[in-house]
Amino acid sequence: MARNKVTVIGAGNVGATTAQRIAEAGLADVILVDIVEGLPQGKGLDLAEAAPVVGHDARVTGTNDYADTAGSDIVVVTSGIPRKPGMSRDELVATNAGIVKAVVEQAVTHSPNAILIVVTNPLDAMCHVAMQASGFPRERVLGMAGVLDSARFRTFIAQELGVSVEDTHAFVLGGHGDTMVPLPRYSTVAGVPITELMSPERVAALCARTANGGAEVVALLKTGSAFYAPAASTFEMVDAILRDRKRVLPCAVMLDGEFGTTGLFVGVPVVLGAGGMERVFEIKLTPDERVAFEASVAAVRDLVAGLPA
Ligand SMILES: NC(=O)c1ccc[n+]([C@@H]2O[C@H](COP(=O)([O-])OP(=O)(O)OC[C@H]3O[C@@H](n4cnc5c(N)ncnc54)[C@H](O)[C@@H]3O)[C@@H](O)[C@H]2O)c1
């Protein structure tokens, strides 16, 4: 049986690191695509030359030609410009909408049955662009944000309480922006809600740090934005799909009545398997959580309304 094939568009920080993780796990052959000539070929060759040392047989190649991506099982879209210090994700919208539309149109021509994972920001709006450009059903268009936001929350919880990150679980809903909704009630250490383990002030501080998690890294780096944790999060989604794991992971998906919302990409927990988004995993929200979720939905709606026609 042939290995799975994953195309990663954008051979920059997030794309190349995602390609590395997929290849090093031996999960799939990886095709890196970029608009810059030589960049994906160079990184692809470099990653391929690491294989004998790391010990995997996945093939990694780079190209500027979408014909080489034909028959991909998954297409990860990371092409676009990242944030600079002081910029919000939303300021990227016009430039990245054009890029995402162009790359998705080309990719789906060659891989009509692929599952799309969008990473480019502003995430929720770019998912809309990708869905429109692909014509794919909602099950096959997913946005990566919630896994990353939850990972950040888990990191902060583990650091605060001096426990292993492995024993933490965190829930973050809503758009991938300043209005994201960390849910402390569903965020646990070994099954115990963090609301029972720390003061309301500390819970609020960790939630605020989570919502600001991307900007914190951008401010430190000064050029570019986070990519190790984003790539690890993207890998987790690819792994769940290719190995049909039925993982319950927060992803941006087009809601169709779930959580009282229709026709918008919003981050919610979903079951991820071979079919892509197999089911929205609906949970009950308290009135306060509902208000925060609605505010986040409204922010996504505004962003989508501002997309270039
Ligand atoms: N969803 C998330 O949680 C999350 C997390 C981190 C980064 N991001 C976003 O991911 C994107 C990539 O971030 P990065 O740090 O890898 O940026 P980067 O600048 O390192 O890489 C982007 C790559 O895209 C390429 N590119 C631009 N236009 C292209 C086109 N038309 N076709 C093919 N390739 C093209 C560039 O040449 C570059 O190599 C940004 O929009 C960033 O904001 C999202």
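A pocket, in this tour, is an open set of grid points with protein on both sides within 12 Å along at least five of seven lines, and its lining residues have an atom within 4 Å of a point. Keep that in mind as you look around this predicted model.

**Stop 1: the largest pocket**

Select Thr-78, Ser-79, Gly-80, Ile-81 and Pro-82 to begin. Of the 38 residues that line the largest pocket, these lie nearest its centre. The space in front of you has a volume of about 790 Å³.

Now colour four helices: H1 (13-24), H3 (93-110), H5 (146-161) and H7 (213-221). Each of them supplies at least two residues of this lining. Which helix gives the most? That is H3, with 4 residues. If you colour the lining by residue type, you will find 18 nonpolar, 16 polar and 4 charged residues.

**Stop 2: the second largest pocket**

Next, move to the second largest pocket, which holds about 510 Å³ of space. Select Val-147, Arg-154, Glu-236, Arg-247 and Leu-249, the closest to its centre among the 25 residues that line this pocket.

Keep H5 coloured, and add helix H8 (228-242) and strand S12 (247-256); each of these three elements supplies at least two lining residues here. H8 provides the largest share, 6 residues. By type, the lining of this second pocket divides into 15 nonpolar, 4 polar and 6 charged residues.

**Stop 3: salt bridges**

Side chains of opposite charge can pair when their charged atoms come close. How many salt bridges does the structure hold? There are 13, and a few of them make good stops.

Start with Glu-289 and Arg-185, whose closest N and O atoms are 2.8 Å apart in a salt bridge. Glu-289 sits in helix H9 (residues 287-305), while Arg-185 is in the loop between strand S9 (181-182) and strand S10 (188-189), so this pair ties together parts that are 104 residues apart in sequence. Turn on a surface and look at both partners: Glu-289 is buried, at 11% relative accessible area, whereas Arg-185 is partly exposed, at 34%.

Then select Lys-246, which has two partners to show you. One is Asp-244, with a salt bridge of 2.9 Å, N to O. The other is Glu-278, where the closest N and O atoms are 2.8 Å apart. Glu-278 belongs to strand S14 (residues 276-280) and Lys-246 to the loop between H8 and S12, so their salt bridge ties together parts that are 32 residues apart in sequence. Are these side chains buried or partly exposed? Asp-244 is partly exposed, at 34% relative accessibility. Lys-246 is partly exposed too, at 40%, and so is Glu-278, at 34%.

Before leaving this stop, select Arg-3, Asp-29 and Arg-59 together. They are linked in a network of salt bridges.

**Stop 4: two cysteines**

Finally, select Cys-127 and Cys-251. A disulfide is a covalent bond between the sulfur atoms of two cysteines. How many disulfides does the structure hold? The count is 0. Why is Cys-127 not bonded to Cys-251? The sulfur of Cys-127 is 9.6 Å from that of Cys-251, its closest cysteine sulfur, which is too far for a bond; a disulfide needs the two sulfur atoms within 2.5 Å. Seen from the other side, Cys-251 also has Cys-127 as its nearest cysteine sulfur and is in no disulfide. Look for both beneath the surface: Cys-127 is buried, at 0% relative accessibility, and Cys-251 is buried as well, with a relative accessible area of 0%.

Notes. Residues numbered from 1 in each chain as written. Predicted model: local features only at pLDDT ≥ 70, side-chain atom pairs only at ≥ 80, totals over all residues. Heavy atoms only, no water. 1 Å grid on protein atoms, 1.4 Å probe; cavity = no way out; pocket = protein on both sides within 12 Å on 5 of 7 lines; lining within 4 Å. Points joined across faces, edges and corners; volume = space filled by probe spheres on them. Nonpolar A, V, L, I, M, F, W, Y, C, P; charged D, E, K, R; others polar. Salt bridge = Lys/Arg side-chain N within 4 Å of Asp/Glu carboxyl O. Buried < 20%, exposed > 50% of the residue type's maximum accessible area, 1.4 Å probe, protein only.
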